[in-house]
Amino acid sequence: MKLSAKEFMASIDFDWKLYEEEIECSIAHANLLQENGIFTEEEAGRVKDALGEIRKEIEGGKLKFQVEYEDIHGNIEAFLADKVGCLGRKMKIGRGVNDQVVADSRLFLKKETEEIILLLDNMLDTLEVIAKEHVNTIIPGYSHLQRSQPVTLAYHILAYYQMFSRDRKRFENCIEGINMLPPDCGASAGTIFESDRSAMAEELGFNGILPNAMDAVADRDFAMEFINCCAISMTHLSRFCEDLILWDTVEFDFIAIDDEFCTFSRTMPQKKNLDVAELIRGKSGRVYGDLINLLTIFKGLPMSYNRDMQEDKVPVIDAANTVESSLALFVKMIKTMKINRGNMQRAAKYGYMNAAELYQYLAEKGVEAEKSAHIVGKVVEYAINNGKPIEELWLDDLKQFSRVFDSDVYDRIAIRNVIASKKSTGSTSFESVEKQLADIAKAKK
């Protein structure tokens, strides 16, 4: 492979995505220079007009990024010089490439984080709608992928609602760390140009200015925190996808996902594959890799700026793109989800998940714990062998295992009553789920 050193060092093939931020920061810097008497009003206007033209020409495909200019900063600088000549050189006053890249990166990540928060809001709204529709839909609850206790579909969906709600808070907190403008850093020690960047920070929407120039150019904690938030969110998406993949199998047959999000085998047309869900599940590993990538780049770097750091944009951009596309497509997919209430409720009924209530019933009747466990085991075995749920066994059937059983046992072990009996905060009871939904609605006001 023939590759020159200049081509190897260039980063324009990936940092071109920051062209909008580079132009926005450059316009704000031109205003700063005007405020400090470096630019006249006419000169600043010429530079800002030229930067606006450059933006349009990039978006229109008229301007092409060049490897010879190395990175997005060099490319925009060259484009500007072509339009305003030596006037563009004044733009170097009071800033260096090291603080330019930090300002661009922070502005880029702030926008990406805000976009992800909007996508998470859409996710939360969608889950709330599904939960409201299925407060009374009963499904098996699982642990170790074995049927354990009956719950409602709303309760299960609200568990994911809480996961994605925490994701949203994490990204909100992340913005606080991102949303700071670097000072005039030069290489890392600052510059002799005395200026107040407060107006520039306000123009770009930053909350303040970082206090130490060396830290400003050396730090990428904000990027690590961003990818960490992405990785956790992808974990939650992956787990949800796994549930959907299981639920859409013939063995479960709880849901049906629209064919748009699936593929079918040519030779096995009966086999439907939830490819979108599987790909989202797989892409979680990709984002984990982005996080490890960035942590590894920085773990051994001395102060302050090192060229290794230009590689930070690859994992950051990839993580942002992956999370955004995954969230957008996942929400679109679950909006097509058809719920098979009958199969869900049959699975709950034949899951023998009211065995714990049978045990509790015997304990309350005074049967000692070890004997109760033995009796319940025999009842479940008998029900399975006869192909019946426990609640459909005759009272005489139950009495052959213990004379303690009476007609009141049926109220105790009815699946809906098992769910309704839960009293603790945050439980699956119908009352508790309604309260959880009410709390969600109240929090939005």
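A disulfide, for the purposes of this talk, is a pair of cysteine sulfur atoms within 2.5 Å. By this rule the count in the chain comes to zero disulfides. Cys-185, for instance, is in no disulfide, and the nearest cysteine sulfur, that of Cys-25, is 12 Å away. Cys-262 is likewise unpaired, because its sulfur is 11 Å from the closest cysteine sulfur, in Cys-241, which is too far for a bond.

Before I continue, a word on the basis of these values. The model is a predicted one, in which local features need pLDDT of at least 70 and side-chain atom pairs count only at pLDDT 80 or more, while totals for chains, interfaces and linings use all residues. Residues are numbered from 1 along each chain as its sequence is written, and side-chain values use heavy atoms, with hydrogens and water left out.

I shall use three words for exposure: buried means under 20% relative accessible area, exposed means over 50%, and partly exposed is in between, with a 1.4 Å probe and protein chains only. Both cysteines just named are buried, Cys-185 with a relative accessible area of 0% and Cys-262 with 10%.

Let me turn to the chain as a whole. Its secondary structure comes to 19 helices and eight strands; these are DSSP runs numbered from the N terminus, helices being H or I of at least four residues and strands being E of at least two. The radius of gyration is 30 Å, well over the 22 Å that the globule rule gives for 445 residues, so the chain is more spread out than a compact globule. Here the radius is taken over C-alpha atoms, and the globule rule is 2.2 Å times the number of residues to the power 0.38. Along the principal axes, the C-alpha atoms fill a box of roughly 100 × 50 × 40 Å.

Of the 445 residues, 50% count as buried. The chain exposes about 21,900 Å², of which carbon and sulfur atoms supply 51%; accessible areas come from the Shrake-Rupley method with a 1.4 Å probe, and for residues only the protein chains shown count as cover. Contact means heavy atoms within 4.5 Å. Among contacts with a separation of 6 or more, residues 24 or more positions apart account for 76%.

I now come to helix α10, residues 221-247. How far apart are its end C-alpha atoms? They are 39 Å apart, which agrees with the 39 Å that its 27 residues should span at 1.5 Å a residue; the expected span is 1.5 Å times one less than the number of residues. The helix is mostly covered, with 19 of its 27 residues buried. Ser-233 lies in this helix and is buried, at a relative accessible area of 0%. Not counting residues up to four places away in sequence, Ser-233 touches Leu-120, Phe-164, Asp-167 and Phe-171.

A second buried position is Pro-150, in strand β2, residues 146-152. Its relative accessibility is 4%, which means that Pro-150 counts as buried. Leaving aside neighbours within four places in sequence, its contacts are Ile-139, Gly-141, Met-353, Ile-415, Val-418, Ile-419 and Thr-428. The C-alpha atoms of Pro-150 and Tyr-352 are separated by 9.2 Å, although the two are 202 residues apart along the chain.

Finally, the salt bridges. The rule asks for a side-chain nitrogen of Lys or Arg within 4 Å of a carboxyl oxygen of Asp or Glu, and the count comes to 31.

One of them joins the side chains of Lys-92 and Glu-77, at 3.1 Å from N to O. This pair links distant parts of the chain, 15 residues apart: Lys-92 is in the loop between α5 (72-84) and α6 (97-133), and Glu-77 is in helix α5. Both are partly exposed, Lys-92 at 48% and Glu-77 at 41%.

Arg-168 forms another with Asp-121, the closest N and O atoms being 2.4 Å apart. Here Arg-168 in helix α7 (residues 153-178) is linked to Asp-121 in helix α6, 47 residues apart. Arg-168 is partly exposed at 21%, and so is Asp-121, at 23%.

In a third, Lys-272 pairs with Asp-259, with closest N and O atoms 3.9 Å apart. Lys-272 lies in strand β7 (residues 272-273) and Asp-259 in the loop between β5 (255-256) and β6 (263-264), so the pair ties together parts that are 13 residues apart in sequence.

There is also a network of salt bridges, which links Glu-20, Glu-21, Glu-24 and Lys-111.
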